[in-house]
Amino acid sequence: MNLIDRFLYKIFILAFILCGVVGLDRLGVLSLKNLQTYMSTSINTVKVISTLSGKNDVFNLGDDEMAVMNHITKTENIANGKKIILDDFNGVENRYLGSVVKITKNNNLYDVYIQAGDGKTYCYSSLLSIDVNMYEIVKAGSIIGQANYQNDYYYNYYIYNGNKLIQQ
């Protein structure tokens, strides 16, 4: 078999699997939403891509280092997290290289959950607007949204290990 034949077989198999999953969802045997939730919380996209990339850094995701946060004026402890207060700069910067696994909206404010290569999920809460999409790879230091404003620009920051909230 040549390269094109192998590629076409892979496409056919993947199309068959996709049709099977959609068919099982239509029959009520399988919930597509539950499958999507399970896959987004169970598969660490950044870790998989980093492993596939190897030492040659084929996909060039960037560093796993924590981004330097120049715009933070101060932090305040809140229940299970931190309130990050910014200077006049109202862009919320991502701290670690990661993949957006969840976005929620409550009372016209957004919460963005980013899973990093270390397996932890970082939540940036109370954002006025967001500049990322689901499953997007977000580099450290990239803007993910606009901070909320009440006397100061701020956002709330939480860290999860699995489903468990970590005290900071």
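These legends accompany a set of close-up views of one predicted protein model.

**View 1. The whole chain, with its helices ahead of its strands in sequence.**
Let's start with the overall picture before zooming in. The protein holds 3 helices and 10 strands, and reading from the N terminus the elements run α-α-α-β-β-β-β-β-β-β-β-β-β. Of its 168 residues, 28% count as buried. The accessible surface comes to about 11,100 Å², and carbon and sulfur atoms account for 54% of that surface. If you like contact maps, here is a handy number: among contacts between residues at least 6 apart in sequence, 56% join residues at least 24 apart.

**View 2. Helix H1 from end to end.**
Helix H1 covers residues 3–27, which makes 25 residues. From its first C-alpha to its last, H1 reaches 36 Å, close to the 36 Å expected at 1.5 Å a residue. Look at the start of H1 for Asn2: one of its side-chain oxygens comes to within 3.2 Å of the backbone nitrogen of Ile4. At the other end, Gly28 follows the helix with a positive phi, near 85°.

**View 3. Two cysteines, Cys19 and Cys123, and their surroundings.**
Are these two residues buried or exposed? Cys19 has a relative accessible area of 56%, above the 50% cut-off, so Cys19 is exposed. Cys123 has a relative accessible area of 2%, under the 20% cut-off, so Cys123 is buried. A search of the whole structure finds 0 disulfides.

**View 4. Ile85 in strand E2.**
Strand E2 spans residues 81–86, and Ile85 lies in it. With a relative accessibility of 4%, Ile85 counts as buried. A useful distance to check here is the one to Lys74, which is 11 residues away along the chain: the two C-alpha atoms are separated by 5.4 Å.

**View 5. The hairpin of E4 and E5, with its loop.**
Strand E4 (residues 98–106) pairs with E5 in the antiparallel sense, over 8 bridges. To find your place in the pairing, pick out Lys102, whose bridge partner in E5 is Tyr113. Now move to the loop, where 2 residues sit between the strands. Which residues in this loop have a positive phi without being glycine? Asn107, found in the loop between E4 and E5, has a positive phi of about 55°. Asn108, also in that loop, has a positive phi of about 65°. Asn107 counts as exposed at 75% relative accessibility, and Asn108 counts as exposed at 59%.

**View 6. Ile114 and its contacts in strand E5.**
Strand E5 runs over residues 109–116 and is mostly covered, with 6 of its 8 residues buried. Ile114 is found in this strand, and its relative accessible area of 1% makes it buried. What does Ile114 touch beyond residues up to four places away in sequence? Its contacts include Asn94, Gly98, Ser99 and Val100. Among the others are Lys120, Thr121, Tyr122 and Tyr124, together with Val138 and Ile144. For one more distance, the C-alpha atoms of Ile114 and Met134 are separated by 9.5 Å, with their positions 20 residues apart along the chain.

**View 7. The hairpin of E5 and E6.**
E5 and E6 run antiparallel and are joined by 5 bridges. Tyr110 is a good marker on this side of E5, since its bridge partner in E6 is Leu127. The hairpin has 3 residues between its strands, and Gly119 takes a positive phi there, near 90°.

**View 8. Ser126 and its polar contact with Asn156.**
Ser126 belongs to strand E6, which covers residues 120–130. Its relative accessible area is 12%, so Ser126 is buried. Which side chain makes a polar contact with the side chain of Ser126? The partner is Asn156, at 3.3 Å. Leaving aside neighbours within four places in sequence, Ser126 is in contact with Leu109, Tyr110 and Asp111, and also with Asn148, Tyr154 and Asn156. Tyr110 may look familiar from the previous view, where it was paired with Leu127 of E6.

Conventions: Residues are numbered from 1 along each chain as its sequence is written. This is a predicted model: local features need pLDDT of at least 70, side-chain atom pairs count only at pLDDT 80 or more; totals for chains, interfaces and linings use all residues. Side-chain values use heavy atoms; hydrogens and water are left out. Helices (H or I, at least four residues) and strands (E, at least two) are DSSP runs, numbered from the N terminus. Buried means under 20% relative accessible area, exposed over 50%, partly exposed in between (1.4 Å probe, protein chains only). A polar contact is a pair of N or O atoms within 3.5 Å; within protein, one must be able to donate a hydrogen and the other to accept it, and residues adjacent in sequence count only if both atoms are side-chain atoms. Contact means heavy atoms within 4.5 Å. Two strands pair if DSSP finds at least two bridges between them. Accessible areas come from the Shrake-Rupley method with a 1.4 Å probe; for residues, only the protein chains shown count as cover. A disulfide is a pair of cysteine sulfur atoms within 2.5 Å. The expected span of a helix is 1.5 Å times one less than its number of residues.
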